[in-house]
Amino acid sequence: MDYINKLEKVSVLGAAGKMGSGILLLTAVEMADQALKSENKDKSFTLNAIDVSNDALGGLMRYLKVQVQKLAEKKMVALRGMYADRNDLIENGEIIDQYVLDVMTYVRPTTALEAAYNSTLVFEAVSENKDLKNKLLSQIDKNSSNKPWFLTNTSSVPIHELEKGADLKGRIVGFHFYNPPAVQKLVELIVTDATAADLKDFAMTYAKNLRKIIVPSNDFAGFIGNGHFMRDALHGIHTVEKLAKENSFVEAVYMVNKVSQDYLVRPMGIFQLIDYVGVDVVKFIMNVMNPYLKDEDLHSDLLDKYFELGVKGGQFSSGAQKDGFLKYEKGRVSGIYDPDKKDYVAVADIQEACDKKLGDLPKSCVAWKSIIGKKDRSKEFTALFGDLKNMDTLGAKLAMEYGARSNAIGKKLVADNVAHSEADVNTVMLTGFFHAYGPINEYFV
Ligand SMILES: NC(=O)c1ccc[n+]([C@@H]2O[C@H](COP(=O)([O-])OP(=O)(O)OC[C@H]3O[C@@H](n4cnc5c(N)ncnc54)[C@H](O)[C@@H]3O)[C@@H](O)[C@H]2O)c1
């Protein structure tokens, strides 16, 4: 495998999307960094940014420039080394401008899929639709004489289905970045039975150069991350449905969201996470995964209902959350959607009564923000979950059930051969979802 040769002609499909734009940024920067090495001076690099809308591509190029500029400011020392032979570049600002220019020269925004026919490497990050992905990959492959390699970012479609659907015979891997790709360290790497060893080597080198943490996942719908998240979300939804028999629906959502955040010491509650990813996206991923599952039904009528009501969550381009199950004001949760009223109920109106029903948090409780920077957190978690185990409050009971379910989901991912090991499951949840402890632990048994 010649890494540089493969990196010379690249296309990103869905380049203006959330994931595509990040993949484009990372790849453009990697190209520039490689091109600036003396041994690669004779190489020429092209990076096609392919998407369906010209407007979106215009916005993408503006986004890219700003991001490269920020990145350049952060790696000034390295850039001085890379431009050591350029006596004309003296001030930091001159080096940064040159680097931005160098990165941007590789990127060719286009709505023409034909641009990819000449590529040796194609990153696929179009919408999560198996038929669309198959159609695009197959069209590129049929019209290319390069036998290109494909790296798909699909969240849920088994890679062998795309391999078969587009007749790629070992020339595809799942390279599952997390959102946003430029920030998140984790990538799940999924090979099929046929994936070429050279392609796997390329994927490993590319990930290493991007300083990503690679976790291999076997080729099962949803892989490790969504395999855990979708079931964990469904547990939250089922708990709401149970609690709503004795409480109002919005109270039930508030309580489960609070337990899954404050009691379990996670960065956000489960309904905030569903909103962050998108109610529609979660529903869609479950729909893709469900037909592949033998002994469970990964489906929620509640998600269908929210989707039909147009309550979808998601994010603005700034990264701020859009309203979904919860309403967000200045980054804080201020309301909860009541599907009967088709409006948000203010958290302030229900908070006190709900907190009373949940009961007090134990004194050993720690905030996620205050513990995530610590290296060894086991003492704090042993104390907290030990206390919760011995408490008789509703909050403690829900938290212990939630933690035990998360643990069982993690173990099943190993038993079902989705993950190679318990450590891999924990790494995915620790790095991809920023959990403060892995789901497979001794705290909830
Ligand atoms: N958003 C996440 O959190 C996340 C995380 C990991 C993986 N993924 C996966 O990444 C992929 C992209 O997701 P996203 O969230 O970036 O979606 P998105 O909707 O933000 O982006 C998809 C992009 O694909 C473009 N597109 C649609 N049809 C196209 C076509 N025919 N040709 C070229 N471009 C086309 C759209 O215009 C859009 O810009 C999906 O497979 C998704 O499952 C998403």
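Colleague: Which residues touch the most other members of the largest nonpolar core?

Modeller: In this predicted model, Leu24, Ala28 and Val173 touch the most other members of that core, which has 127 residues. Helix H2 gives the most to this core, with 10 residues. At least three core residues come from domain 1 (3-216), and at least three from domain 2 (225-432).

Colleague: Let me pick one of those. What is alanine 28 in contact with, leaving aside its neighbours within four places in sequence?

Modeller: Five partners turn up for alanine 28 on that basis: Leu47, Leu64, Val103, Tyr106 and Val107. There is a helpful general idea for reading such a list. An α-helix has 3.6 residues a turn, so residues three or four places apart point the same way. You can keep that in mind when you look along any helix on your screen.

Colleague: Then let us try a helix. How many residues does H9 have, and how far does it reach?

Modeller: Helix H9 covers residues 225-243, which makes 19 residues. From its first C-alpha to its last it reaches 27 Å, close to the 27 Å expected at 1.5 Å a residue.

Colleague: Why is H9 said to be largely enclosed by the rest of the structure?

Modeller: Burial is the thing to look at here. A residue is called buried if 20 or more other C-beta atoms lie within 10 Å of its own. In H9, 15 of the 19 residues are buried, so the helix is largely enclosed by the rest of the structure.

Colleague: Now the domains. Where does each one begin and end?

Modeller: The domain assignment gives domain 1 as 3-216 and domain 2 as 225-432. Their C-alpha centres lie 33 Å apart. Where the two meet, 13 residues of domain 1 are in contact with 13 residues of domain 2. On the domain 1 side, S7 and strand S8 (213-216) each supply at least two residues, and S8 gives the most, with 3 residues. That side divides into 7 nonpolar, 3 polar and 3 charged residues.

Colleague: I can also see a ligand. Which residues come nearest to it?

Modeller: Gly14, Gly17, Met19, Ser155 and Asn179 come nearest, out of 25 residues around the ligand. Helix H2 (18-35) and strand S6 (172-177) each supply at least two residues of this shell. The largest share, 3 residues, comes from H2. By class, the shell has 12 nonpolar, 10 polar and 3 charged residues.

Colleague: How do I read the backbone angles?

Modeller: Start from the usual pattern. Most residues other than glycine have a negative phi, and most peptide bonds are trans. Then look for the exceptions.

Colleague: Where is there a cis peptide bond?

Modeller: It joins asparagine 179 and proline 180, with omega at about -5 degrees. Proline 180 lies in the loop between S6 and strand S7 (186-190). Asparagine 179 is also one of the residues that come nearest to the ligand.

Colleague: And what about phi at lysine 342?

Modeller: Lysine 342 has a positive phi of about 55 degrees, although it is not a glycine. You will find lysine 342 in the loop between strand S10 (332-338) and strand S11 (343-346). Asparagine 417 also has a positive phi, near 70 degrees. The place to look for asparagine 417 is the loop between helix H17 (394-415) and helix H18 (422-432).

Colleague: Is lysine 342 buried or exposed?

Modeller: Exposed, because lysine 342 has 10 C-beta neighbours inside 10 Å. Asparagine 417 counts as exposed too, with 10 C-beta neighbours inside 10 Å.

Key. Residues are numbered from 1 along each chain as its sequence is written. This is a predicted model: local features need pLDDT of at least 70, side-chain atom pairs count only at pLDDT 80 or more; totals for chains, interfaces and linings use all residues. A residue is near a molecule or strand if its C-beta atom, placed from the backbone, lies within 6 Å of it. Helices (H or I, at least four residues) and strands (E, at least two) are DSSP runs, numbered from the N terminus. Ala, Val, Leu, Ile, Met, Phe, Trp, Tyr, Cys and Pro count as nonpolar, Asp, Glu, Lys and Arg as charged, and the others, Gly among them, as polar. The expected span of a helix is 1.5 Å times one less than its number of residues. A residue is buried if 20 or more other C-beta atoms lie within 10 Å of its own, exposed if 12 or fewer, and partly exposed in between; C-beta atoms are placed from the backbone. A nonpolar core is a set of buried Ala, Val, Leu, Ile, Met, Phe, Trp, Tyr and Cys residues joined through C-beta atoms within 7 Å. Domain bounds come from an automatic or database domain assignment. Two residues are in contact if their C-beta atoms, placed from the backbone, lie within 7 Å.
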